[in-house]
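Colleague: I have just opened this one and would like a walk through it. Could you take me round, starting wherever you like?

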Amino acid sequence: ATVVRIDGIRQMMGDEDLKSMVNRATTSLSAYFSRPGHAMQVYFSRDPDLASSVIKSMMVTPRTVSRRLNLDLDDVFAEREAILPKHVVHEAFYLVLWTRLNVLNQQDMEKARITMATPKLWPTAVDSQNIFVAARQIAVTHGSFVDSLVADLRNLGIRAYPLDGHE
């Protein structure tokens with residue numbers, strides 16, 4: 001699975017712009033889910049209580065720069081930290097993209113069974129996943145799926161970033 005962070009859109013939108021974007025997104029993203037094998041989960045969080053800490057963390061760099069320049073702007077930063085949380089809400093939006101075994105056609109599955117056979121001395125584990133089946137083919141397919149979907153989101157004006165294991 002790959003987690004994709006959505007950071008919003010690159011422009012202000014009215015109702016008609018939003019409707020147009022939704023129609024274009026429906027058209028471009030439906031191709032990924034018209035066949036079995038790919039899935040998408042959506043996570044969205046909205047928390048007004050986190051606004052204060054988000055604003056404070058955003059003010060760290062400007063405060064640091066002003067101190068280095070010997071500028072006394074603490075009152076400006078304090079005012080922003082007091083007023084902005086009343087108008088700002090913390091939101092987080094993530095997509096989780098999955099590629100499953102049934103993404104492979106019958107021919108690829110047969111090839112995978114032959115090339116990814118379990119090593120001879122590998123212990124038997126009855127109720128576990130078979131980590132050798134089609135891993136390479138699915139990884140390539142999943143990578144293409146993620147790259148294409150993220151490119152389509154970006155073409156729609158959506159700021160989308162696949163996360164690595166450290167984010």
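Modeller: Let us begin with D7, which is partly exposed, with a relative accessible area of 31%. Please keep in mind throughout that this is a predicted model.

Colleague: OK, and what does D7 form a salt bridge with?

Modeller: The partner of D7 is R5, and the closest N and O atoms of this salt bridge are 3.1 Å apart. R5 is partly exposed as well, with a relative accessible area of 25%.

Colleague: Which residue is the bridge partner of R5 in strand 3?

Modeller: That is Y94, which is the bridge partner of R5 in strand 3. Strand 1, residues 2–9, and strand 3, residues 90–99, run antiparallel and are joined by 5 bridges.

Colleague: And how many bridges are there between strand 2 and strand 3?

Modeller: Strand 2, which covers residues 38–47, pairs with strand 3 over 10 bridges, again in the antiparallel sense. Within strand 3, E91 is the residue that stands opposite R46.

Colleague: So what is the order of the strands in the sheet?

Modeller: The sheet is open, has 4 strands with antiparallel pairing, and follows the order 2-3-1-4. Its edge strands are strand 2 and strand 4 (158–162), each of which pairs on one side only. On average, neighbouring strands of this sheet are turned by 25 degrees against each other, if direction is ignored.

Colleague: Back to charges for a moment. How many salt bridges does a search of the whole structure find?

Modeller: The search finds 5 salt bridges. One of them joins K19 and E16, with the closest N and O atoms 3.9 Å apart. Both K19 and E16 lie in helix 1, where they are 3 residues apart, about one turn of the helix.

Colleague: Are those two buried or exposed?

Modeller: K19 counts as exposed because its relative accessibility is 51% and the cut-off is over 50%. E16 also counts as exposed, at 58% relative accessibility.

Colleague: What about R63 and E81, where do their side chains meet?

Modeller: They meet in a salt bridge, at 3.1 Å from N to O. R63 lies in helix 3 (residues 60–68) and E81 in helix 4, so this pair ties together parts that are 18 residues apart in sequence. Both R63 and E81 are buried, and together with D74 they are linked in a network of salt bridges.

Colleague: Changing topic, how many aromatic pairs does the structure hold?

Modeller: There are 5 aromatic pairs in the structure. In one of them, the ring centres of F33 and F145 are 6.0 Å apart and the planes stand at 90 degrees, so the pair is edge-to-face. F33 lies in the loop between helix 1 (15–30) and strand 2, while F145 lies in helix 6 (residues 135–155), so the pair ties together parts that are 112 residues apart in sequence.

Colleague: Is F145 buried or exposed?

Modeller: F145 counts as buried, at 3% relative accessibility, whereas F33 is partly exposed, with a relative accessible area of 30%. Ring pairs also bring in Y32, which forms a cluster with F33 and F145.

Colleague: Last one: which residues form the nonpolar patch on the surface?

Modeller: The patch is made of V65, L69, L71, L73 and V76, which together have about 390 Å² of accessible area. V76 lies in helix 4, residues 74–83, and this residue is partly exposed, with a relative accessible area of 31%.

Methods: Residues numbered from 1 in each chain as written. Predicted model: local features only at pLDDT ≥ 70, side-chain atom pairs only at ≥ 80, totals over all residues. Heavy atoms only, no water. Pairing = 2+ DSSP bridges. Helix = DSSP H or I, 4+ residues; strand = E, 2+ residues; numbered from the N terminus. Patch = residues over 30% accessible without salt bridge, like charges linked within 9 Å, V, L, I, M, F, W, Y side chains within 5 Å. Areas by Shrake-Rupley, 256 points an atom, 1.4 Å probe, with all protein chains shown as cover. Salt bridge = Lys/Arg side-chain N within 4 Å of Asp/Glu carboxyl O. Buried < 20%, exposed > 50% of the residue type's maximum accessible area, 1.4 Å probe, protein only. Phe/Tyr/Trp six-rings, centres within 6.5 Å; stacked < 30°, edge-to-face > 60°. Axes fitted to C-alpha atoms, helices over the stretch in contact; angles between N-to-C directions.
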